[in-house]
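Me: I am new to this structure and would like a close look at one part of it. Could you walk me through it slowly and then show me what lies around it?

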Amino acid sequence: MNLPLVDRRIVGRSTNGPKRLRRVVAVLPLAALGLSFAAGCNKQVQHAPDVWAVVNGKEIKRDEVDKYYRTRVNPEGQEPSQEESLSLKLNVLDELIYNEILLERAKRLNLEASDGEVEDKFTERKSPYTEEEFQRQLREQGMTVDDWKQDMRRQLSIQKLLNREVVAKISITDQEVSDFYNANKAQFNVAEPTYHLAQIKVTPRKEPQIRNRKNDDATTEAEAQRKIKLLTDRLNSGADFAQLAMDYSEDMNTASTGGDLGFVPESALTGAQVDPALKRAVLALKPGQVSPPVEAHDQTGVSYHILKLISRESPGQRSVSEPQVQQNIRDTLRSRKEQLLRSAYLAIARDEAHVTNYLAQQVIEAAGKLPDAAKTYMPPRSIGH
């Protein structure tokens, strides 16, 4: 049940945090006192202690970023140092600033998500849970239904804005496809049978990081068995494999891409780190087919996999005229252009906005020491558990 901010790739800056933390939007509660100066005069405008930034007059407060922190930091992991926490706070605050800028633009262009769109998305996100499970998730994350809906409205609005202002401007010409192919011919020379695979992975233990859209994690054998059966039933009923992977897969590396494992050469299936049961399952599939659940074992223990064979590539040089080669190249070029245009669009949007980051100011003023406003508060952890 993650509530993601704008994809950090469009911001064009690194936000990699320590491995023991979840993928950042993580901030710890702060207390900040900011003073801004009105342009052209000496009058001071005083903000409340919990204001961390102001965007075009809109305040971003401690409680908002604190909510994102609670949903993403692993409560059972090692507590970050004060310096690590402060760095993460600055990253999250920066993302919230960008979100506010883009949301304002969406409103000006009448692209704000409607109540109906928000309700539809809310129903979709809530549907896999019983009411009891849903309320438990909210309590664990310190969220309310209104928080969920507010964040969904922001996400949908920003996506509509970027679709219109960025994605709609992208076009890929036949000449660009041809040029890319000629420059990367070796990439399309298949040396051995290759399998384009996707998977949904479930483990009977708590994962240190979960990146599926439902924030769903089976932690016991019974929970894992129930989850695998639920997923199998839904696939047999015609549910989309990629959507289920994004919602439920516990593989942190592939959940966000619909479980896509990419192209796996046949030789890689026989490696010492691959359970023979997985190889047998792959070789038994025809393109487009989905496997029954496969129990596999590795150094971390048992895990359960549902595999999909998207395509099988025979050895040899692929021609630029082949539909799959064309699609692969167009997807690659489109992704590159989208990332470039998004970065440029955000840079312009930020330049045109009036932003004051009070937390950043205090960090500089503290000259490398931890400012009082950024000191971490963490609920006391139990000892001996």
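Which residue in β4 does V54 stand opposite?

Reply: Happy to help! V54 stands opposite E59 in β4. Before going further, please keep in mind that this is a predicted model.

Let's begin with the strands around that pair. V54 belongs to strand β3, which covers residues 51-55. Four bridges join β3 to β4, and the two strands run antiparallel. Another pair to look for is V55, which stands opposite K58 in β4. The strands β3 and β4 form a hairpin with two residues between them, and in this hairpin N56 takes a positive phi near 50°.

Now turn to the other partner of β3. Three bridges join β3 to β11, again in an antiparallel arrangement. V55 takes part here too, since its bridge partner in β11 is V355. Put together, these strands make an open sheet of three, in the order β4-β3-β11, with antiparallel pairing. The edges of this sheet are β4 (58-61) and β11 (355-357); each has a single partner strand, so one side of each is left without a neighbour in the sheet. From one strand to the next, the twist averages 20°. Helix α2 packs on this sheet, touching β3, β4 and β11, and its direction makes about 30° with that of β3.

How enclosed is β3 itself? Five of its five residues are buried, so β3 is largely enclosed by the rest of the structure.

Helix α2 is a good place to go next. This helix covers residues 82-108, and R105 lies in it. R105 has a relative accessibility of 12%, and because buried means under 20%, R105 counts as buried. Leaving out residues up to four places away in sequence, R105 touches L161, Y345, I348, A349 and E352.

One of those contacts, L161, leads to another helix, because α5 spans residues 145-165. Helix α5 packs with helix α3 (residues 115-126) at an angle of about 115°, and their axes are 9 Å apart. The crossing of α3 past α5 is right-handed. On the α3 side, the residues that meet α5 include D115, E117, V118 and F122, while those on the α5 side include V145, W148, M152 and L156. The residues of this contact divide into six nonpolar, one polar and nine charged.

Next, here is a second sheet to compare with your starting point. This one is an open sheet of four strands, ordered β7-β6-β9-β8, with antiparallel pairing. Its edge strands are β7 (260-265) and β8 (294-298); each has a single partner strand, so one side of each is left without a neighbour in the sheet. The twist here averages 45° from one strand to the next.

Inside this sheet, nine bridges join β6 (residues 194-202) to β9 (residues 301-313), and these strands run antiparallel. A198 stands opposite K308 in β9. Helix α8 (residues 241-248) lies across β6 and β9, running at about 45° to β6.

Two residues in the loop between α8 and β7 are worth finding. One of them is G259, which is buried, with a relative accessible area of 0%. Leaving aside neighbours within four places in sequence, G259 is in contact with L197, A198, Q199, A245 and T254. G259 and K308 are 49 residues apart in sequence, yet 9.1 Å apart in space, C-alpha to C-alpha. The other residue to find is T254, in that loop between α8 and β7. T254 is buried as well, with a relative accessible area of 6%. With neighbours within four places in sequence again set aside, T254 is in contact with Q199, G259, D260 and L261.

Finally, step back to see the whole chain. The protein chain has eleven helices and eleven strands. Of its 385 residues, 43% count as buried. Among contacts between residues at least 6 apart in sequence, 75% join residues at least 24 apart. The chain exposes about 20500 Å², and carbon and sulfur atoms supply 50% of that area.

Conventions: Residues are numbered from 1 along each chain as its sequence is written. This is a predicted model: local features need pLDDT of at least 70, side-chain atom pairs count only at pLDDT 80 or more; totals for chains, interfaces and linings use all residues. Side-chain values use heavy atoms; hydrogens and water are left out. Buried means under 20% relative accessible area, exposed over 50%, partly exposed in between (1.4 Å probe, protein chains only). Contact means heavy atoms within 4.5 Å. Accessible areas come from the Shrake-Rupley method with a 1.4 Å probe; for residues, only the protein chains shown count as cover. Two strands pair if DSSP finds at least two bridges between them. Axes are lines fitted to C-alpha atoms, for helices over the stretch in contact, and angles run from 0 to 180 degrees between N-to-C directions. A crossing is left-handed if the near helix is turned anticlockwise from the far one by less than a right angle, and right-handed if clockwise. Ala, Val, Leu, Ile, Met, Phe, Trp, Tyr, Cys and Pro count as nonpolar, Asp, Glu, Lys and Arg as charged, and the others, Gly among them, as polar.
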